[in-house]
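Q: I've got this model open and I'd like a close look at its inside. Could you walk me through the enclosed spaces and the charged pairs?

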Amino acid sequence: MNWAFFQGLVSGVSEFSTAFGRIWLSVVFIFRLLVYVVAAERVWGDEQGEFDCNTHQPGCRNVCYDYYFPVSHIRLWALQLIFVTCPSLLVLMHVAYREDKERKHREKMGENCGKLYLHTGKKRGGLWWTYLISLLVKAAVDIIFLYVFHRLYPSYTLPRVVKCFIDPCPNIVDCYISRPAEKNIFTLFMVGTSVVCVFLNLCEMSYLICKKCRECIVQSKKARGRSIPIMIMSNDLPYNPKHNEIYKANNKDNHAVQCQIPQIKVTPVGPWQAI
């Protein structure tokens with residue numbers, strides 16, 4: 001593995017991620033990738049060679065191993081890590097596309113021309129959708145692999161002894177799995193980190209959606225405030241308390257006009273004047 005390339009990739013993804021995205025990246029890098037490279041591969045090792053059955057029938061042990069372990073844990077985890085990190089590359093590719101487009105625009109229009117993007121890494125427009133889709137894909141990949149693990153290995157655990165009765169075994173054969181307790185610990189640890197990553201992806205999606213909705217609400221309020229008609233007040237116009245919002249908007253947009261609430265004199269009406 002080229003660690004320099006991987007470090008550059010992690011730094012690029014972290015630069016354009018939110019706080020939840022950086023936590024997710026730390027969990028994937030430390031608790032999944034390093035555990036997989038440093039410890040998990042050594043625990044499994046030559047798994048098929050350590051699968052022992054109480055028979056010397058040729059081919060029986062290989063057939064039983066293939067039946068109970070159609071796909072190795074190590075290979076499934078490798079596929080899971082590859083698929084779960086690939087969506088982050090979409091974000092980097094989209095940012096690189098924006099930067100290239102900005103560079104070509106400056107070359108064509110000159111250095112003093114206006115920018116196409118205020119910030120190429122800002123999650124606005126298409127980049128926001130790309131980032132959201134990448135989160136959705138990462139969560140879906142982890143959920144799918146958790147389901148596959150559960151289907152292949154119920155309860156995510158390995159038994160100490162499996163009974164095999166598949167041809168060419170002469171009868172029911174007992175086969176023993178090497179270090180099942182240690183393998184179960186690593187399996188549950190990897191499953192737990194996958195669940196944490198799914199939770200972080202859902203939190204980040206909720207954060208992005210809520211932030212986007214809040215920005216839309218603020219923009220709609222500003223647009224509605226700008227659309228309020230301006231009324232110039234004078235002492236010749238009657239005062240209506242229902243128009244307070246219009247008065248405030250008028251004072252804000254036209255500082256030259258000073259709105260004053262007209263003074264209304266009320267003369268009491270006596271009983272002799274009511275006729």
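A: Here is a walk through the cavities first, then the salt bridges, with a short stop at the surface. Keep in mind that this is a predicted model.

Let's start with the empty space. Rolling a probe the size of a water molecule over the atoms shows where such space is left. A search of the whole structure turns up 2 cavities of 30 Å³ or more. The largest one has a volume of about 100 Å³, and 13 residues line it. If you want to find its centre on screen, look for Val13, Ser17, Ser88, Tyr131 and Lys138, which lie nearest to that point. Helices α2 (19–44), α4 (73–109) and α5 (126–152) are the elements that each give two or more residues to this lining. By character, the lining splits into 7 nonpolar, 4 polar and 2 charged residues.

Now move to the second largest cavity, at about 40 Å³. Its lining is made up of Arg32, Trp77, Gln80, Leu81, Met190 and Ser194. Both α4 and α6 supply at least two of these residues, and α4 has the largest share, with 3. Sorted by type, you get 3 nonpolar, 2 polar and 1 charged.

Hang on to Arg32 from that lining, since it takes us to the charged pairs. Side chains of opposite charge can pair when their charged atoms come close. The structure holds 2 salt bridges, and in one of them Arg32 partners with Asp142, with 3.1 Å between the closest N and O atoms. That pair links distant parts of the chain: Arg32 sits in helix α2 and Asp142 in helix α5, 110 residues apart. Are these two partners buried or exposed? Arg32 counts as buried because its relative accessibility is 2%, under the 20% cut-off. Asp142 is buried too, at 0%.

The other bridge joins Asp174 to Lys163, with the closest N and O atoms 2.9 Å apart. Asp174 belongs to strand β3 (residues 173–176) and Lys163 to strand β2 (residues 161–164), so this pair ties together parts that are 11 residues apart in sequence. Lys163 is partly exposed, with a relative accessible area of 49%.

Last, the surface. Ile30, Phe31 and Phe189 make up a nonpolar patch there, with about 260 Å² of accessible area together. Phe189 comes from helix α6 (residues 180–226), and its 34% relative accessibility is why it counts as partly exposed.

Terms used. Residues numbered from 1 in each chain as written. Predicted model: local features only at pLDDT ≥ 70, side-chain atom pairs only at ≥ 80, totals over all residues. Heavy atoms only, no water. Patch = residues over 30% accessible without salt bridge, like charges linked within 9 Å, V, L, I, M, F, W, Y side chains within 5 Å. Areas by Shrake-Rupley, 256 points an atom, 1.4 Å probe, with all protein chains shown as cover. Salt bridge = Lys/Arg side-chain N within 4 Å of Asp/Glu carboxyl O. Helix = DSSP H or I, 4+ residues; strand = E, 2+ residues; numbered from the N terminus. Buried < 20%, exposed > 50% of the residue type's maximum accessible area, 1.4 Å probe, protein only. 1 Å grid on protein atoms, 1.4 Å probe; cavity = no way out; pocket = protein on both sides within 12 Å on 5 of 7 lines; lining within 4 Å. Points joined across faces, edges and corners; volume = space filled by probe spheres on them. Nonpolar A, V, L, I, M, F, W, Y, C, P; charged D, E, K, R; others polar.
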